Amino acid sequence: MERIEFFCTDYNTALENEATNCSKCGSDKKTIRIIVEDEVKLYEQIKIKSKGKRGDRKLNQEHIDGHELSANGNVVDKVRIIDNMNDVYFEEIKDLDGKVIHKCQEKLSEHKGHGNAKKKNAE
């Protein structure tokens, strides 16, 4: 949003427009103020991954908590826990008003055919 304001340079009196002289002193010296406003929204997300012993490539746990841009372009609040050690998969996605859009809680060993585990179509 942009706004332009005019003031008398000598008395700092607000003027109706650029052509108006000061009502207090009659001066035609003007100060022009251009006001530009914008809005910025910041979102955050934390990802934590843990592995076993040094050199072990298997992921033990993954935790995601925070905001994410969804497939339809809306920002959502997402919590995902993948725990290989305890066979747990949990995911909850809410809109920014707190309404639950998606919730899944099951054994990780039963969580098949989702995300990266989806079967690819043969081309």
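**Entry 1: the hairpin of β5 and β6**

I began with the hairpin that β5 and β6 form, and I counted five residues between the two strands. In that turn, G73 has a positive phi of about 90 degrees. I note here that the model is a predicted one.

I then looked at how the two strands pair. β5 covers residues 59–69, and its pairing with β6 is antiparallel, over nine bridges. To have one pair to find by eye, I looked up H63, which stands opposite I81 in β6.

**Entry 2: the hairpin of β6 and β7**

I moved along to the next hairpin. β6 and β7 run antiparallel and are joined by seven bridges. My sample position here was K78, and I found I93 of β7 opposite K78.

Four residues lie between the strands of this hairpin. Which of its residues takes a positive phi? I found that D87 does, with a value near 55 degrees. D87 is a residue other than glycine. I placed D87 in the loop between β6 and β7, the latter being residues 88–94. I wrote D87 down as partly exposed, because its relative accessibility is 24%.

**Entry 3: another positive phi**

I looked at N12 next. N12 is not a glycine, yet its phi is positive, at about 55 degrees. I found N12 in the loop between β1 and β2. The relative accessible area of N12 is 47%, so I listed this residue as partly exposed.

**Entry 4: what D83 touches**

I went back to β6, which spans residues 75–83, and picked D83 in that strand. Is D83 buried or exposed? Its relative accessibility is 8%, so D83 counts as buried.

I then asked which side chain makes a polar contact with the side chain of D83. I found Q61, at 3.1 Å. I also noted the backbone nitrogen of M85, which lies 3.1 Å from a polar atom of the D83 side chain. Leaving out residues up to four places away in sequence, I listed the residues that D83 touches as N60, Q61, V88 and L108.

**Entry 5: the three-stranded sheet**

I turned to an open sheet of three strands. Its order is β2-β1-β3, and the pairing is antiparallel. The strands at the edges are β2 (14–15) and β3 (30–36), each of which pairs on one side only.

I checked the pairing of β1 with β3 as well. β1 takes in residues 2–8, and seven bridges link it to β3 in the antiparallel sense. As one example, I noted that E2 has V36 of β3 as its bridge partner.

**Entry 6: cysteines**

How many disulfides are there? I counted zero. I wanted to know why C8 is not in one. The closest cysteine sulfur to that of C8 belongs to C22, and the distance is 3.6 Å; the cut-off for a disulfide is 2.5 Å, so this pair is too far apart for a bond.

I also looked up accessibility for two cysteines. C8 counts as buried because its relative accessibility is 1%. C104 has a relative accessible area of 15%, so C104 is buried too.

**Entry 7: a pocket**

I looked for empty space and went to the second largest pocket, whose volume is about 170 Å³. I listed its lining as E68, L69, S70, A71, N72, N74, V76, K78, I93 and I101. Which elements give two or more residues to this lining? I found that they are β5 and β6. K78 and I93, which I had noted as standing opposite each other, both appear in the lining.

**Entry 8: the whole chain**

I finished with the chain as a whole. I found eight strands and zero helices. Read from the N terminus, the elements run β-β-β-β-β-β-β-β.

The chain has 123 residues, and buried residues make up 20% of them. Last, I looked at contacts between residues at least 6 apart in sequence; of these, 19% join residues at least 24 apart.

Note on methods. Residues are numbered from 1 along each chain as its sequence is written. This is a predicted model: local features need pLDDT of at least 70, side-chain atom pairs count only at pLDDT 80 or more; totals for chains, interfaces and linings use all residues. Side-chain values use heavy atoms; hydrogens and water are left out. Two strands pair if DSSP finds at least two bridges between them. Buried means under 20% relative accessible area, exposed over 50%, partly exposed in between (1.4 Å probe, protein chains only). A polar contact is a pair of N or O atoms within 3.5 Å; within protein, one must be able to donate a hydrogen and the other to accept it, and residues adjacent in sequence count only if both atoms are side-chain atoms. Contact means heavy atoms within 4.5 Å. On a 1 Å grid over the protein atoms alone, a cavity is a set of points where a 1.4 Å probe fits but cannot get out, and a pocket is an open set with protein on both sides within 12 Å along at least five of seven lines; lining residues have an atom within 4 Å of a point. Grid points are joined across faces, edges and corners, and a volume is the space filled by probe spheres set on the points.
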